[in-house]
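User: Could you walk me through this structure? I am new to this, so please take it step by step.
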Amino acid sequence: MFIFSFKTSRRRLFTLGILAVAFVIILAAFFALVLSGSREAVCPLGKYKLNARDNAERVEFLKQFGWEVSPEPTEISTVTIPAEFNSTYEKYNDIQRDQGLDLSRYQEKTCTRYTYQILNYKDASQGVRANILVLNDKVIGGDVSSVLLNGFIHGFCNPDKVHA
């Protein structure tokens, strides 16, 4: 049988306790930041917020880019980001990266897609919509696109404002 003993002062024990608590707090803060992800992104127009907890925040998200949209989504659906991107998804993710987002971080995750009709898109009287991909109350991707036969697709930034 072995007996170990050591002698220390209360001051030293108190200091070690404070250091241990500080270490745990810093570690918890680090993991909270890593797991929550950023709530801002950057596009050619500058920084923008990614909050999408409810319909009001999603509409406000699109207003950051100058879009006037229908007050309620025209469609709500679930989307699973594929584990492997084909060429089409790679091109779509290029659009995301151009606006400060990256869907490759969310491969194999299921998110919600909210589709809103855009009411003020220049030279498009109908068929322009905004798609917002939301996971954990945060926008992770999306686009502005036309549903017409010779339509278009681009990021959230209004092309008229970027090239102005």
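**A chat about the fold**

Analyst: Let me begin with a single residue in this predicted model: R53 counts as exposed, because its relative accessibility is 56% and the cut-off for exposed is over 50%.

User: Which residue does R53 form a salt bridge with?

Analyst: The partner is E57, and the closest N and O atoms of this salt bridge are 2.6 Å apart. E57 belongs to helix α2, which covers residues 55–63, and E57 is one of the buried residues there, along with N55, R58, V59, F61 and L62.

User: What covers the buried residues of α2?

Analyst: The cover includes the strands β2 (46–49), β4 (110–117), β5 and β6. At the N-terminal end of α2, D54 acts as a cap, with a side-chain oxygen 3.3 Å from the backbone nitrogen of A56.

User: Let's zoom out. How many helices and strands are there in the protein?

Analyst: The protein has four helices and seven strands, and along the sequence they follow the pattern α-β-β-α-β-α-β-β-β-β-α. Of its 164 residues, 35% count as buried. The area that the protein exposes is about 11100 Å², and carbon and sulfur atoms supply 57% of that area.

User: And what share of the contacts join residues at least 24 apart?

Analyst: That share is 56%, taken among contacts between residues at least 6 apart in sequence.

User: Now the sheet. What order do the strands have?

Analyst: Five strands make an open sheet in the order β3-β4-β5-β6-β7, and their pairing is antiparallel. The edge strands, each of which pairs on one side only, are β3 (75–80) and β7 (153–154).

User: How many bridges join β5 to β6?

Analyst: Eight bridges join these two antiparallel strands, and in this part of the sheet A130 stands opposite V144 in β6. The two strands also form a hairpin with two residues between them, in which N136 takes a positive phi near 55°.

User: What about β6 and β7, how many bridges are there?

Analyst: β6, which spans residues 138–146, pairs with β7 in the antiparallel sense over two bridges. One pair to look for is S145 with its bridge partner I153 in β7. β6 and β7 form a hairpin as well, and this one has six residues between the strands.

User: Why is β6 described as largely enclosed?

Analyst: Nine of the nine residues of β6 are buried, so the rest of the structure largely encloses this strand.

User: Which helix lies across β6?

Analyst: Helix α3, residues 87–98, lies across β6 and also across β3, β5 (128–135) and β7, and the helix runs at about 110° to β6.

User: Could we pick one residue in β5 and look at it closely?

Analyst: L133 is a good one to follow, since its place is in strand β5. L133 counts as buried because its relative accessibility is 4%, and the cut-off for buried is under 20%.

User: Which residues does L133 touch?

Analyst: Leaving aside residues up to four places away in sequence, L133 touches V79, Y92, L103, C111, T112, R113, K138, V139, I140, G141 and G142. You can also find T115, which is 18 residues from L133 along the chain, with the C-alpha atoms of the two separated by 9.0 Å.

User: Back to salt bridges. How many does a search of the whole structure find?

Analyst: The search finds five, and some of them form a network that links E90, D94, R97 and D102.

User: How far apart are the closest N and O atoms in the salt bridges of R97?

Analyst: In the salt bridge of R97 with D94 they are 2.6 Å apart, and in the salt bridge of R97 with D102 they are 3.7 Å apart.

User: Where do R97 and D94 sit relative to each other?

Analyst: R97 and D94 are three residues apart in helix α3, so about one helical turn separates them. More generally, an α-helix has 3.6 residues a turn, so residues three or four places apart point the same way.

User: And are these residues buried or exposed?

Analyst: They fall in between: R97 is partly exposed with a relative accessible area of 37%, D94 is partly exposed with 36%, and D102 counts as partly exposed at 22% relative accessibility.

Technical notes
Residues are numbered from 1 along each chain as its sequence is written. This is a predicted model: local features need pLDDT of at least 70, side-chain atom pairs count only at pLDDT 80 or more; totals for chains, interfaces and linings use all residues. Side-chain values use heavy atoms; hydrogens and water are left out. Two strands pair if DSSP finds at least two bridges between them. Contact means heavy atoms within 4.5 Å. Axes are lines fitted to C-alpha atoms, for helices over the stretch in contact, and angles run from 0 to 180 degrees between N-to-C directions. Buried means under 20% relative accessible area, exposed over 50%, partly exposed in between (1.4 Å probe, protein chains only). A salt bridge is a side-chain nitrogen of Lys or Arg within 4 Å of a carboxyl oxygen of Asp or Glu. A polar contact is a pair of N or O atoms within 3.5 Å; within protein, one must be able to donate a hydrogen and the other to accept it, and residues adjacent in sequence count only if both atoms are side-chain atoms. Accessible areas come from the Shrake-Rupley method with a 1.4 Å probe; for residues, only the protein chains shown count as cover.
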